[in-house]
Amino acid sequence: MVRRRCRSSPGFTILELLFAVGITATLAAIAVPQSLRALDDFRTRSAAQYVARRLATARFQAIRRSNAHGLRFEADGADYRMSLVADGNANGIRTMELQHGIDRTLSEAEALAGHFTGVQFGILDGVPDADGNPSNGPDGVRFGSPRLAVMNADGTASSGTLYLSGAGRSQYAVRVLGSTGRVRLLKFDAVRGRWVDLT
């Protein structure tokens with residue numbers, strides 16, 4: 001009579017399986033927050049680039065049509081909605097004339113969060129303004145009380161800064177230089193504690 005030896009089938013012990021699961025969980029715990037921060041930064045940067053393009057479009061239209069164009073920012077709770085506007089009577093863009101239909105609204109008002117989840121106009125606590133001075137509140141639209149970023153037909157513009165923040169503490173700014181109408185994109189480097197020009 002021939003006896004066959006039983007071989008144990010290759011596989012994992014419960015200890016090896018628990019060890020592998022533990023390593024996977026540890027790596028996931030490290031990777032997920034990094035991925036979420038990177039996604040938040042990507043969204044906030046994309047939103048800032050989108051706003052910068054809208055301003056550049058308004059400037060191009062103003063020069064091309066010899067007529068002031070710009071972006072209007074209307075309060076919407078703690079955030080703002082923006083729309084493209086144009087001068088209707090050659091005396092500049094004015095809030096009252098927009099309300100009476102003299103100056104024209106060229107696009108529907110839109111909120112950033114509708115395109116970029118978690119992004120809004122605002123400056124985070126502890127972040128200085130783009131000049132390095134302490135920020136005087138969380139308001140992200142710094143274009144004077146009418147909240148109008150106006151691009152003039154001669155290439156100049158109203159000076160101001162738009163601050164955009166993400167849900168994960170990403171902070172960007174879109175700055176308009178009045179004398180040239182140039183639009184600059186900046187990012188706040190939290191490690192070095194200063195703004196970095198990305199343009």
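This is a working chat about the fold, one strand and a few individual residues of a predicted model.

Reader: Before we go into detail, how many helices and strands are there in the chain?
Author: The predicted model has two helices and eleven strands, and along the sequence they follow the pattern α-β-β-α-β-β-β-β-β-β-β-β-β.

Reader: And what share of the residues counts as buried?
Author: Of the 199 residues, 38% count as buried, while the chain exposes about 12,000 Å², of which carbon and sulfur atoms supply 56%. Among contacts with a separation of 6 or more, 49% are between residues 24 or more positions apart.

Reader: Let's look at β8; how many of its residues are buried?
Author: Six of the six residues of β8 are buried, so the strand is mostly covered by the cut-off of under 20% relative accessible area.

Reader: Which of them point one way, and which the other?
Author: G160, L162 and L164 point one way from β8, whereas T161, Y163 and S165 point the other way, and all of these are buried. In a regular strand, side chains alternate between the two faces of the sheet.

Reader: Which strands pair with it, then? Start with β5 and β6, and how many bridges does each have?
Author: Strand β5, residues 120-121, pairs with β8 in the antiparallel sense over two bridges, and within that pairing Q120 stands opposite S165. Strand β6, residues 141-142, also runs antiparallel to β8 and is joined to it by two bridges, with R142 having T161 as its bridge partner.

Reader: What about β9, in what sense does it pair with β8?
Author: β8 and β9 pair in the antiparallel sense over six bridges, and G160 has V176 in β9 as its bridge partner. The two strands form a hairpin with five residues between them.

Reader: Which residue in that turn has a positive phi?
Author: That is R169, in the loop between β8 (160-165) and β9 (171-176), where phi is about 75 degrees although the residue is not a glycine. Most residues other than glycine have a negative phi.

Reader: Is R169 buried or exposed?
Author: R169 has 54% relative accessibility and therefore counts as exposed, the cut-off being over 50%.

Reader: There is another positive phi at A90, so where is that residue?
Author: A90 sits in the loop between β2 (79-86) and α2 (95-99), and its phi is about 60 degrees although A90 is not a glycine. With 72% relative accessibility, A90 counts as exposed.

Reader: Changing topic, which residues have the most contacts inside the largest nonpolar core?
Author: That core has 28 residues, and those with the most contacts inside it are L112, F121, L162 and L164. At least two residues each come from α1, β1 (69-76), β2, β7 (148-151), β8 and β9, and the largest share, eight residues, comes from α1.

Reader: What does L112 touch?
Author: Leaving aside residues up to four places away in sequence, L112 touches A47, Y50, V51, M82, V119, Q120, F121 and L164. Apart from this core lies another, of nine residues, among them I123, V127, A130 and A173.

Reader: Last one, what does the side chain of D41 make a polar contact with?
Author: D41, which lies in helix α1 (residues 14-65), makes a side-chain polar contact with the side chain of K187 at 3.3 Å. Not counting residues up to four places away in sequence, D41 touches S170, Y172 and K187.

Technical notes. Residues numbered from 1 in each chain as written. Predicted model: local features only at pLDDT ≥ 70, side-chain atom pairs only at ≥ 80, totals over all residues. Heavy atoms only, no water. Helix = DSSP H or I, 4+ residues; strand = E, 2+ residues; numbered from the N terminus. Buried < 20%, exposed > 50% of the residue type's maximum accessible area, 1.4 Å probe, protein only. Contact = heavy atoms within 4.5 Å. Areas by Shrake-Rupley, 256 points an atom, 1.4 Å probe, with all protein chains shown as cover. Polar contact = N/O pair within 3.5 Å; in protein donor to acceptor, adjacent residues only side chain to side chain. Pairing = 2+ DSSP bridges. Core = buried A, V, L, I, M, F, W, Y, C linked by side-chain atoms within 4.5 Å.
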